Amino acid sequence: MIEVVRRPRQGLFLPEADLWLDPSSKAERAFISHAHADHVARNRLSLCSALTADLIRVRYGTSKTGAQEVRALPWRIPVPWKKGWEIRLLPAGHIVGSAMLHLTRLSDGATLLYTGDYKLRTGLTAEPCELMPADTLVMETTFGLPRFVFPPLQATSEAVLQFVNETLAEGRLPILLGYSLGKAQEILAILHQGGHPVMCHDSILKLMPLLQALPGMPECRPFDANSAQDHVLVFPPQSIRELNLGAWTGKTRSAMLSGWALEKSARFRYRVDAMFPLSDHADYPELWETVQMVRPRRIYTVHGHTLEFAADLRRKGWEAWSLERDDQLELSLE
Ligand SMILES: [Zn+2]
């Protein structure tokens, strides 16, 4: 099987293929699953999807990437890597451009699938996830507890639009909060279904030229208090405090769209009037579905509830380990 290790400061590394997976600091050669992390540009060579490459340039500028090489790979087509390897990108369904990495060692046909952040549910904007069988599966388990089960997208979209309509009917301004890349585009697509005009934060507007071709993207304008009547605001959570609402101060209702909406305390933690469970990540049943479809011989879990999900997998007869915490010790104590 293909060896994967976790190094304390940089993260996941494939020693034989000489490739880092979403490293958290500068690396020689790295696969970048999507354009969320703000350290994506500093590797000497970054492999990613074409859209991720464009998003990296727009979000982080060319100054950071100037001397570095960002190499865009096609979807699904195997590409030679080093001596004796083939790699291919598969859509991960997490956000626009997000990719999984599938590797094959040509000498013996051993395979590995690294999911990066992903979800199996089809969203409104991200390319639908595609899985492939692999001997080794490195999977993201952010929501790896049985209580994390997301409702269907349709139900969440309807609840969001109801919140918007009620807020507008009260003569107030609805503010929907979600990260600039990924969540914001899903929110915009929902608002487009409802036919609502939108005002956005600059960080979202900046991405629009790249993402305008996505289905169901409404036109967006920057916020202007004087003409905001009947509009919906879409902002990243951290930027809302710096927003000068002018005459709208005290006349807004805010909602956060996040998978953490399933946690009862989330509304207070985020200081919003409402929370809706719209997530970019796989929920607990999807994690199991992933394992069934990939049929790996060994599973490694990363992010979130790695220990708990790996333990659940072992109870059902799968070989599974957390790559972030030491559950092999835990097992020997059991
Ligand atoms: Zn992400």
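**Exercise 1.** Which residue in S9 does Pro 91 stand opposite?

*Solution.* This is a predicted model, and the exercises below all refer to it. Begin with the pair of strands concerned: S8 and S9 run antiparallel and are joined by 7 bridges. Within this pairing, the residue that stands opposite Pro 91 is Ala 99 in S9. Now place the two strands in their sheet, which is open, has 7 strands with mixed pairing, and follows the order S7-S8-S9-S10-S11-S18-S19. At its edges are strand S7 (79–81) and strand S19 (320–322), each of which pairs on one side only, and from one strand to the next the twist averages 25 degrees.

**Exercise 2.** Find the strands that helix H7 lies across.

*Solution.* Locate residues 284–294, which form helix H7, and follow the helix over strand S10 (110–114), strand S11 (136–141) and strand S18 (298–304). Then compare directions: H7 runs at about 170 degrees to S11. Helix H8 (residues 306–315) also packs on the sheet, where it touches S11, S18 and S19, and its direction makes about 170 degrees with that of S19.

**Exercise 3.** Identify the protein donors of the zinc ion and decide how the geometry of the site is classed.

*Solution.* First list the donors, which are His 34 (NE2), His 36 (ND1), His 94 (NE2) and Asp 117 (OD), at 2.2 to 2.5 Å from the ion. Next look at the angles among these 4 donor atoms, which range from 93 to 169 degrees. Four donors count as tetrahedral only if all angles lie between 85 and 135 degrees, so the upper value of 169 degrees rules that class out, and the site is irregular. Finally, trace the donors along the chain, where their spacing is H-x1-H-x57-H-x22-D. His 36 lies in the loop between S4 and S5 and His 94 in the loop between S8 and S9, so this pair ties together parts that are 58 residues apart in sequence.

**Exercise 4.** Decide whether His 36, His 94 and Ser 33 are buried or partly exposed.

*Solution.* The cut-off for buried is under 20% relative accessible area. His 36, with 27%, is partly exposed, whereas His 94, at 2%, is buried. Ser 33, which lies in the loop between S4 and S5, is buried at 1%. To see its surroundings, note that the side chain of Ser 33 makes a polar contact of 2.8 Å with the side chain of Asp 22, and that the residues Ser 33 touches include Thr 52, Ala 99 and the zinc donor Asp 117.

Notes: Residues are numbered from 1 along each chain as its sequence is written. This is a predicted model: local features need pLDDT of at least 70, side-chain atom pairs count only at pLDDT 80 or more; totals for chains, interfaces and linings use all residues. Side-chain values use heavy atoms; hydrogens and water are left out. Donors are N, O and S atoms within 2.8 Å of the metal (3.2 Å for Na, K and Ca); water is not among the atoms, so sites may look incomplete. Four donors count as tetrahedral if all angles lie between 85 and 135 degrees; four count as square planar and six as octahedral if opposite donors are over 155 degrees apart and all others between 65 and 115; anything else is irregular. Helices (H or I, at least four residues) and strands (E, at least two) are DSSP runs, numbered from the N terminus. Buried means under 20% relative accessible area, exposed over 50%, partly exposed in between (1.4 Å probe, protein chains only). A polar contact is a pair of N or O atoms within 3.5 Å; within protein, one must be able to donate a hydrogen and the other to accept it, and residues adjacent in sequence count only if both atoms are side-chain atoms. Contact means heavy atoms within 4.5 Å. Two strands pair if DSSP finds at least two bridges between them. Axes are lines fitted to C-alpha atoms, for helices over the stretch in contact, and angles run from 0 to 180 degrees between N-to-C directions. Lists of a residue's contacts leave out its neighbours within four places in sequence.
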